[in-house]
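Work through these exercises with the sequence and the model side by side. Try each task before you read its solution.

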Amino acid sequence: MKTALITGASSGIGKATAKIFAEESFNLILCGRRKEKLEELKQELDNKSNIHILTFDVRNKEEVFSNIEGLPPDLANIDILINNAGNAHGLDPIQDGNVEDWDAMIDINVKGLLYVSKAIIPKMIARASGHIINIGSTAGKEVYPNGNVYCASKHAVDALTQGMRIDLNGKGIRVGAINPGMVETEFSEVRFKGDKEKAKKVYEGLKPLQPEDIADIIRFVVTRPSHINIADLMVMCTAQASSTIVDKE
Ligand code: NDP
Ligand code: 8X3
C-alpha cells in the first residue's frame with residue numbers, strides 16, 4: 001500500500017487530494033498548522049485508510065525535520081509527496097508591498113517546500129522510488145499586475161520542480177508540477193486577510209475550478225504506471241485564458 005504525505009491538507013486542494021487518495025486506500029500523512037481541521041478530516045477518512053496527522057509550520061525547519069523524522073516506522077517510507085502548502089499575501093504594486101507579506105510568501109511557498117522535500121528525498125533515493133508533485137500556479141508561468149512576489153515565489157517553484165527532476169534523474173524518482181489557475185478555496189480569503197466579500201468577488205461571474213478538480217488530476221498523475229512521469233501540467237477553468245484574461249459575466 002502506498003504512503004502519501006500532503007502538505008496543506010487542512011483546506012482547499014490539499015484537503016480534496018486527501019479525500020481522493022483515501023478512496024485509493026493510500027496511507028495518508030496529512031500536514032498543516034490547524035490541528036482541529038486535520039482531526040476533523042481524519043475522523044471523516046479513518047474508515048477508508050490509515051491516517052496520520054502532523055501539525056507543523058513549513059517555515060520552521062526544525063519542526064519540519066523532527067515531525068517527518070518522527071513518523072512511525074510503518075509510515076516512514078513516503079512514496080508520494082504532494083508539496084501543496086502555500087498561499088498569497090496581499091495584491092499590491094511592488095512599491096506598496098508589505099515586507100511581512102513578502103517574507104511569508106517566500107518562506108512558505110519556496111523555503112517551506114524545500115525543507116519538506118529535503119526531509120523526504122534522501123529516503124526516496126535510498127529506496128530508488130518516489131513521486132514528488134509540486135503545486136505551482138499559472139502565476140509561476142506568467143506575471144500579472146500586483147502579483148509580483150507571489151508570482152516570483154511560484155516561478156521559484158517552477159524552477160525547483162525542474163531542478164529536482166534534473167538532479168533526481170536516474171534515481172527512480174518522478175518529479176512533476178501541477179499549475180492551477182483560479183481555484184475556489186480559502187486562497188483569496190488568505191490573500192485578502194480574511195475579507196470574505198473581496199475574496200468571493202474573485203470567483204463571481206464565472207465557473208472557477210474547484211479543489212476536487214485538481215485533486216482528480218493529481219490522482220490521475222500518481223496512478224500512471226511507474227515509467228510515466230507527467231512533468232508539467234497547467235490547468236485553468238474554461239473561462240480563464242491567462243492570469244489576466246478571464247471571461248466574466
Ligand atoms: P487554501 O488556503 O485553501 O489552503 C492552503 C493550505 O496550505 C492550508 O491547508 C494551510 O494549512 C496550508 N498552509 C499555509 N501556510 C502554511 C504554513 N506556514 N505551514 C504549513 N501549512 C501551511 O489554498 P489552496 O488550496 O488554494 O492552496 C494550495 C496550493 O495551491 C498553494 O500552494 C497555492 O499557492 C496553490 N494554488 C492555488 C490556486 C487557487 O486559485 N486557489 C491556484 C494556483 C495555485 P494551515 O492554515 O492549517 O496551516
Ligand atoms: C493562484 C492563482 O491567479 O491568483 O495561484 O495567481 S492566481
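Helices (H or I, at least four residues) and strands (E, at least two) are DSSP runs, numbered from the N terminus. This is a predicted model, in which local features need pLDDT of at least 70, side-chain atom pairs count only at pLDDT 80 or more, and totals for chains, interfaces and linings use all residues. Residues are numbered from 1 along each chain as its sequence is written, while chains are lettered from A and ligands numbered from 1 in the order in which they are written.

**Exercise 1. Place Leu 54 and describe its surroundings.**

Step 1. Find the element: Leu 54 lies in strand S3, residues 51-55.

Step 2. Count its neighbours. A residue is buried if 20 or more other C-beta atoms lie within 10 Å of its own, exposed if 12 or fewer, and partly exposed in between; C-beta atoms are placed from the backbone. Leu 54 has 21 other C-beta atoms within 10 Å, so it is buried.

Step 3. List the contacts (C-beta atoms, placed from the backbone, within 7 Å). Leaving aside neighbours within four places in sequence, Leu 54 is in contact with Ile 29, Cys 31 and Asn 67.

Step 4. Compare sequence and space. Leu 54 and Gly 70 are 16 residues apart in sequence, and their C-alpha atoms are 9.8 Å apart.

**Exercise 2. Do the same for Gly 14.**

Step 1. Gly 14 belongs to helix H1.

Step 2. Is Gly 14 buried or exposed? It counts as buried because it has 28 C-beta neighbours inside 10 Å.

Step 3. Beyond four places in sequence, Gly 14 is in contact with Ile 6, Thr 7, Gly 8, Ala 9, Ile 82 and Asn 84.

Step 4. Leu 30 is 16 residues from Gly 14 along the chain; their C-alpha atoms are separated by 8.6 Å.

**Exercise 3. Describe three loop residues.**

Step 1. Start with Ser 25. It sits in the loop between H1 and strand S2 (27-32). Its phi is near 60°, a positive value in a residue other than glycine. Ser 25 is exposed, because 12 other C-beta atoms lie within 10 Å.

Step 2. Move to Ala 128, in the loop between H4 and strand S5 (130-135). Phi of Ala 128 is near 50°, a positive value in a residue other than glycine. Ala 128 has 10 C-beta neighbours inside 10 Å and so counts as exposed.

Step 3. Finish with Asn 98, in the loop between strand S4 (80-83) and H4. With 13 C-beta neighbours inside 10 Å, Asn 98 counts as partly exposed. It touches Gly 90 and Asp 92, not counting residues up to four places away in sequence.

**Exercise 4. Find the largest nonpolar core.**

Step 1. Fix the term. A nonpolar core is a set of buried Ala, Val, Leu, Ile, Met, Phe, Trp, Tyr and Cys residues joined through C-beta atoms within 7 Å.

Step 2. Apply it. The largest core has 62 residues, and Ile 6, Leu 28, Leu 30 and Ile 120 have the most contacts inside it. Helix H4 (residues 99-127) gives the most to this core, with nine residues.

Step 3. Look around Ile 6. Leaving aside neighbours within four places in sequence, its contacts include Gly 14, Leu 28, Leu 30 and Ile 82.

Step 4. Recall the background. In soluble globular proteins, nonpolar side chains tend to be buried together.

**Exercise 5. Describe the surroundings of the two ligands.**

Step 1. Set the limit: a residue is near a molecule if its C-beta atom, placed from the backbone, lies within 6 Å of it.

Step 2. Take ligand 1. Of the 30 residues around it, Gly 8, Gly 12, Arg 33, Gly 86 and Phe 187 come nearest. H1 gives the most to this shell, with three residues.

Step 3. Take ligand 2. The residues around it include Ser 137, Thr 138, Met 182 and Phe 187.

**Exercise 6. Summarise the whole protein.**

Step 1. Count the elements: there are eight helices and seven strands.

Step 2. Check the extent. The C-alpha trace spans about 50 × 40 × 35 Å along its principal axes.

Step 3. Check burial. Of the 249 residues, 41% count as buried.

Step 4. Check confidence. pLDDT is the predictor's confidence in each residue, from 0 to 100. Its mean here is 98, and 100% of the residues reach 70 or more.

Note on methods. Contact = placed C-beta atoms within 7 Å.
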